[in-house]
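Hello,

Here is the structure I promised to pass on to you. Please have it open while you read, and my notes on what was found follow below.

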Amino acid sequence: MSAALDYWPSPPPWGWTADDLDNLPAEGPNGEPDFFKHVELIDGALVFMSPQKRFHERVLFGLRVVLNAQAPEHVAAVLQMDVKLGHRMRPCPDVVVVDAKAADDDERTFYTPAEVHLAVEVVSPESEDRDRKTKPSRYAEAGIVHFWRVENNGGSPVVYVYELDPATHTYALTGIHHDRLTVPVPFPITIDLGDLPR
């Protein structure tokens with residue numbers, strides 16, 4: 001058991017760190033099954049993710065399939081893998097496009113910003129502030145060049161596409177895509193948002 005859990009439910013005196021996530025047990029401190037299965041570290045705080053709705057799962061799966069079908073050989077799209085942004089920041093984007101070599105390593109528990117070509121967050125009601133404000137600003141500060149935010153518009157995905165401004169290390173909105181998404185970077189991508197694979 002992680003030494004940090006000796007202080008549960010309070011954080012350890014030194015605070016939670018990105019490396020602590022690799023040492024959390026599958027069960028909770030009182031034997032709760034899968035207690036730490038869906039947790040991320042945001043600014044040193046453990047954030048427990050609520051169960052996802054079907055829209056969320058459907059969009060994640062569809063984006064992964066389409067991105068991998070169009071991706072060049074040197075990159076791959078993966079679902080819900082952590083990105084270690086710093087000592088106290090280890091979010092879990094919904095989809096990330098990473099170096100293929102990193103994606104092929106089945107022992108990995110996280111990727112580094114240098115390995116990430118695109119981070120995607122599908123906004124849920126419980127994660128609105130994190131997905132719209134906190135996580136994008138941290139991805140930008142870490143130098144992740146491309147970020148997509150997906151919103152649920154009456155059951156249809158709307159994709160907000162951002163690109164990093166290297167002078168300010170902030171994201172600039174480059175497009176809002178309702179029915180069809182077509183972008184040239186991080187590689188040429190065309191997605192029929194109304195007909196994502198299920």
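The largest pocket has a volume of about 650 Å³. Its lining is made of 31 residues, and those nearest the centre of this pocket are K37, H38, V39, M49 and C92. Strand β1 (39-42), strand β7 and helix α3 are the elements that contribute two or more residues to the lining. The biggest share comes from α3, with three residues. Sorted by class, the lining of the largest pocket holds eleven nonpolar, eight polar and twelve charged residues. Please keep in mind that you are looking at a predicted model.

The second largest pocket has a volume of about 210 Å³. It is lined by 13 residues, and F55, V123, S124, P125 and N152 are the closest to its centre. Here α1, α3 and β8 each supply at least two lining residues. The classes in this second lining are four nonpolar, four polar and five charged residues.

Now for the sheet and its helices. Six strands make an open sheet with mixed pairing, in the order β3-β5-β7-β8-β9-β10. The edges are β3 (75-79) and β10 (170-177); each of them has a single partner strand, so one side of each is left without a neighbour in the sheet. On average, and ignoring direction, neighbouring strands in this sheet are turned by 25° against each other.

If you would like one pair to look at in detail, try β8 and β9. Strand β8 covers residues 146-153 and strand β9 covers residues 156-165; the two run antiparallel and are joined by eight bridges. Within this pair, V150 has V159 in β9 as its bridge partner.

Two helices lie across strands of the sheet. Helix α1, residues 54-70, lies across β3, β5 (95-99), β7 (116-122), β8 and β9, and runs at about 165° to β3. Helix α3, residues 128-141, lies across β7, β8, β9 and β10, and its direction is at about 170° to β8.

A good residue for seeing how these parts meet is V122, which is found in strand β7. Is V122 buried or exposed? Its relative accessibility is 0%, so V122 counts as buried. Leaving aside residues up to four places away in sequence, V122 touches F55, H56, V59, L60, D94, D131 and V150. One of these contacts, F55, is 67 residues away from V122 along the chain, while their C-alpha atoms are separated by 9.2 Å.

L196 is another residue worth a visit, in the segment after β12 (189-192). With 7% relative accessibility, L196 counts as buried, because the cut-off for that is under 20%. Its contacts, again without residues up to four places away in sequence, are V59, G62, L63, V66, P157 and I191. How far apart are L196 and L63 in sequence and in space? They are 133 residues apart in sequence, and 7.1 Å apart from C-alpha to C-alpha.

There are also two hairpins to look at. In one, β1 and β2 are linked with two residues between them, and D43 in the turn has a positive phi of about 50°. Strand β2 spans residues 45-48, and it runs antiparallel to β1, with four bridges joining the two. L41 is matched with L46 in β2 as its bridge partner. Which faces of β1 are covered? Both are: V39 and L41 on one side, and E40 and I42 on the other, are all buried. You have already met V39 above, among the residues nearest the centre of the largest pocket.

In the other hairpin, five residues join β11 to β12. These two strands run antiparallel and are held by four bridges. In β12, I189 is the bridge partner of V183. Strand β11, residues 180-183, has L181 and V183 on a covered face, with R180 and T182 on an uncovered one.

Happy exploring, and do write back with any questions.

Best wishes

How values were computed
Residues are numbered from 1 along each chain as its sequence is written. This is a predicted model: local features need pLDDT of at least 70, side-chain atom pairs count only at pLDDT 80 or more; totals for chains, interfaces and linings use all residues. Side-chain values use heavy atoms; hydrogens and water are left out. Two strands pair if DSSP finds at least two bridges between them. Axes are lines fitted to C-alpha atoms, for helices over the stretch in contact, and angles run from 0 to 180 degrees between N-to-C directions. Contact means heavy atoms within 4.5 Å. On a 1 Å grid over the protein atoms alone, a cavity is a set of points where a 1.4 Å probe fits but cannot get out, and a pocket is an open set with protein on both sides within 12 Å along at least five of seven lines; lining residues have an atom within 4 Å of a point. Grid points are joined across faces, edges and corners, and a volume is the space filled by probe spheres set on the points. Ala, Val, Leu, Ile, Met, Phe, Trp, Tyr, Cys and Pro count as nonpolar, Asp, Glu, Lys and Arg as charged, and the others, Gly among them, as polar. Buried means under 20% relative accessible area, exposed over 50%, partly exposed in between (1.4 Å probe, protein chains only).
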